[in-house]
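Let's take a walk through this structure together, starting with the whole chain and ending with single residues. Keep the 3D view open and turn it as we go.

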Amino acid sequence: MNLKIAIQKKGRLSEKSLQLLEECGINISNGSRVLKAKAKNFPIEILFLRDDDIPQYVEQGVVDLGILGENEVLEKDKDVSIVSKLGFAQCRLSLAIPKEEDYKGLSYFEGKKIATSYPKILSNFFEKENINVQIEEIGGSVEIAPSIGLAQGIFDIVSTGSTLITNGLKEVETILTSEAVLIGTKNLSSEKQEILDRLLFRINAVQSSSENKYILLNAPNDNLQEIINILPGIKSPTILPLAKEGWSSIHSVIKEDTFWEIIEQLKNKGAEGILVLEIEKMIL
Ligand code: ATP
Ligand code: MG
């Protein structure tokens, strides 16, 4: 019994999706043109598809799982469940208009024509806002639509906003934020659910390892308690006596996002020889 997972064949998600599976210890020898590969050491089969097709395959149960952008899941609106957010491919979907336009609020769009590859998300949004717009669905290069007279505004993916500026546009409203997600079929057999649980266990270990760092430092015994209070650790830090009289070595785990703040506090309390290491896997 194999779990079937679909990932993007070629594009912004493909490399990161494969990397996540690899970090979960799932090895695939992906030749250049294969569409399907079986992992050597885990009961999983990987299918390489266009991201647009993944929700449909998952809904029909042709594959059990898929990795793709939340934006694509919402746009396709298929009957699938979001099993886990994956924390990569973060972007936002925004409305943009020519930069010289005066913008005072959403009512600007009343009666206007908007070009997008995400017609469903956009029409749901304006319906809720009770604003009438005309939606022009196009497949790509949405940013040039206003300059060639196809539409007065656009609704598209933005990550840094530099493409908008290059095309003389300004972002005026963010409608959705998105990241890569793992989606799944609604009715998995108990056998497959078991494999999925094993996979999720590994994904969680990979995610917490990237959110945490391992820290080692030397501390004067006089300030030991204060230093321990700065370092919450997973349970409590490990303390080892140093050969140098009056000093100890402390080992602990700290969160990536509070990292610099903690280092500063530790230095203020006399900590020395601070080493911060990557954690490869973390099982709580
Ligand atoms: P496919 O050929 O598989 O249909 P695509 O052209 O639809 O690919 P990509 O451009 O590879 O899609 O983007 C895939 C997903 O990556 C998007 O749906 C979105 O979730 C995310 N994404 C797209 N652009 C960016 C960006 N600039 N920054 C971050 N994430 C992005
Ligand atoms: Mg696509």
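What follows goes from the overall build of the chain to its metal site and then to a handful of individual residues.

One thing to keep in mind from the start: this is a predicted model. The protein chain has eight helices and 15 strands. Its radius of gyration is 25 Å, well over the 19 Å that the globule rule gives for 284 residues, so the chain is more spread out than a compact globule. You can get a feel for that by looking at the C-alpha trace, which spans about 75 × 55 × 35 Å along its principal axes.

How much of the chain is tucked away? Of the 284 residues, 46% count as buried. On the outside, the chain exposes about 15,600 Å², and 47% of that comes from carbon and sulfur atoms. The contacts tell you something about how the chain is put together, too. Take those between residues at least 6 apart in sequence: 68% of them join residues at least 24 apart. As for charge, there are 32 positive and 41 negative ones, and their mean positions are 5 Å apart.

Now zoom in on the metal. Which residues hold the magnesium ion (ligand 2)? That would be D51 and D52, both coordinating through OD, at 2.0 to 2.1 Å. These two sit on either side of a cut-off. D51 has a relative accessible area of 16%, so it is buried, given that buried means under 20%. D52 comes in at 24%, so it counts as partly exposed, the class between 20% and 50%.

Next, the backbone. Most residues other than glycine have a negative phi, so it's worth stopping at a couple that don't follow suit. N130 has a phi near 60°, a positive value in a residue other than glycine. You'll find N130 in the loop between α4 (119-128) and β8 (134-137). N130 is exposed as well, with a relative accessible area of 70%.

Move along to the loop between β8 and β9 (153-158), where S141 has its place. Here phi is near 45°, again a positive value in a residue other than glycine. With a relative accessible area of 52%, S141 is exposed, as the cut-off for that class is over 50%.

Stay in the loop between β8 and β9 a little longer, since S147 lies there too. S147 counts as exposed, at 59% relative accessibility. How far is S147 from F201, 54 residues away along the chain? Their C-alpha atoms are separated by 49 Å.

The start of the chain makes a good stop as well. M1 is in the segment before β1 (3-8), and at 55% relative accessibility it counts as exposed. Exposed or not, M1 has company: leaving aside neighbours within four places in sequence, it is in contact with P43, E191, K192 and I195. Compare that with the stretch from M1 to S141, the serine with the positive phi. M1 and S141 are 140 residues apart along the chain, and 42 Å lies between their C-alpha atoms.

One of the contacts of M1 is P43, and a short step back in numbering takes us to N41. N41 lies in the loop between β2 (36-38) and β3 (44-49). Its relative accessible area is 40%, so N41 is partly exposed. What does N41 touch, apart from its neighbours within four places in sequence? The answer is G25, I26 and N27. A96, on the other hand, is a long walk: the C-alpha atoms of N41 and A96 are separated by 47 Å, with these positions 55 residues apart along the chain.

Let's finish in a helix. N268 has its place in α8 (residues 259-268), and with a relative accessible area of 67% it is exposed. Pair N268 with I227, 41 residues apart from it along the chain, and the C-alpha atoms turn out to be separated by 9.6 Å.

Key:
Residues numbered from 1 in each chain as written. Chains lettered and ligands numbered in written order. Predicted model: local features only at pLDDT ≥ 70, side-chain atom pairs only at ≥ 80, totals over all residues. Heavy atoms only, no water. Helix = DSSP H or I, 4+ residues; strand = E, 2+ residues; numbered from the N terminus. Rg over C-alpha atoms; globule rule 2.2 N^0.38 Å. Buried < 20%, exposed > 50% of the residue type's maximum accessible area, 1.4 Å probe, protein only. Contact = heavy atoms within 4.5 Å. Areas by Shrake-Rupley, 256 points an atom, 1.4 Å probe, with all protein chains shown as cover. Lys, Arg positive; Asp, Glu negative; His and termini not counted. Charge placed at Lys NZ, Arg CZ, Asp CG, Glu CD. Donors = N, O, S within 2.8 Å, 3.2 Å for Na, K, Ca; no water.
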